[in-house]
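Grab a pencil and work through these exercises with the model open. Each one comes with a worked solution.

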Amino acid sequence: MIKFFKDKKNILAVMSERTDGPMKLSESDLIIKNRNNFFGKSGINEENVFIAEIIHESNVVIVDKKSPQIIEEADALVTKEKIFLAITIADCVPVYFYDEKNKIVGLAHAGWRGITGGIIENTLDKMSLLGANIKEIEIEMGPGIRKCHFEIKEDVLDKFGKYPEFVIRKSSKIFVDLFEIIKKEALGFDVKEKNIRDFGECTYCNSKKYFSYRRDKPKEVQSMMATIGME
C-alpha cells in the first residue's frame, strides 16, 4: 500500500498495489473481496467510501454523505465531509488534492483525455466552490504511465497542442509527459509550485508492483484503487 500526505495529520490518502488484487469497479465476488480487504487494512469502513464510475472525461462531482456510493459519469470527486473518495487507475494518474486549513479534499483520475479536457482545473474549481483556498491546496501525483512509455499517434497529437514542450519525438515515435502537463495546469490555476509533489514511479515500468493497461493489454481491465479522506 502506498501512502500520500504522510506528513499530515487527520487525513488518509492511499493507493493499492498489484499484490492487493484487481480493483476494477465490478460486482464480482473476487473484486468486492479485494476492495473490502484493501479498505479494511487501511482502516476504512467501506460503507463510508464513494467511488467514481470513471468515464475518461473531465467531469468533477461534489460528494457528501447523501450521495450514492457509486458516483456516475465522474472522473474526479471532491468533498468537505469526513468521507472517503475513491477512483480506480491502471496507467492514468491518480491526483490527490488537500486543503488542510479548510478541510477539503479531492481526487482525480487523470488520463490524457481528462487532462487535456481540463480535469485538473475543474477539480480545483469545484474545491474552491466548497471554500478551498487555491494557494493552500497541496497536490500529490501518484504512480502512472510516464513519458518513457506514454506513446501517442499523430491522430491525437492536436489534443496536446497547448503543451508542445512536453511532446517528445524519438525514432519516429511520439511520447508525452502527462505529469508535467498536470503540473503546468495546476500552476496555471495558482497552485504553489512547492505544493505539488510527484511520487515518481511508472506503472508500465514496475510490472511487479502495478497493473498497467498499456503493458498488459488484458481482456478485462485490472486496476489499482486510490482513495483519500479526512479522519
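**Exercise 1.** In which sense do strand β8 and strand β9 pair, and over how many bridges?

Solution. Keep in mind that you're looking at a predicted model. Start with the ranges: β8 covers residues 93–99 and β9 covers residues 104–110. Their pairing is antiparallel and runs over 7 bridges. For one concrete pair, take Y98, whose bridge partner in β9 is V105.

**Exercise 2.** Work out which strands stand at the edges of the sheet that holds β8 and β9.

Solution. First write down the order, β4-β6-β9-β8-β10-β14, an open sheet of 6 strands with mixed pairing. Now check the ends: β4 (60–62) and β14 (196–198) each have a single partner strand, so one side of each lacks a neighbour in the sheet. On average, neighbouring strands here are turned by 15° against each other, direction ignored. Finally, add helix α4 (residues 178–188), which packs on this sheet and touches β8, β9, β10 (138–141) and β14. The helix direction makes about 175° with that of β14.

**Exercise 3.** Find T227 and decide: is it buried or exposed?

Solution. Step one is to place T227 in strand β15. That strand belongs to the other open sheet, ordered β1-β2-β15-β7-β3-β5. Step two is the accessible area: the relative value for T227 is 0%, and buried means under 20%, so T227 is buried. Step three is to list contacts, which include L12, V14, F38, F84 and Y96. Last, look for a polar partner: a polar atom of the T227 side chain lies 2.8 Å from the backbone oxygen of L85.

Definitions and conventions
Residues numbered from 1 in each chain as written. Predicted model: local features only at pLDDT ≥ 70, side-chain atom pairs only at ≥ 80, totals over all residues. Heavy atoms only, no water. Pairing = 2+ DSSP bridges. Helix = DSSP H or I, 4+ residues; strand = E, 2+ residues; numbered from the N terminus. Buried < 20%, exposed > 50% of the residue type's maximum accessible area, 1.4 Å probe, protein only. Polar contact = N/O pair within 3.5 Å; in protein donor to acceptor, adjacent residues only side chain to side chain. Contact = heavy atoms within 4.5 Å. Axes fitted to C-alpha atoms, helices over the stretch in contact; angles between N-to-C directions. Lists of a residue's contacts leave out its neighbours within four places in sequence.
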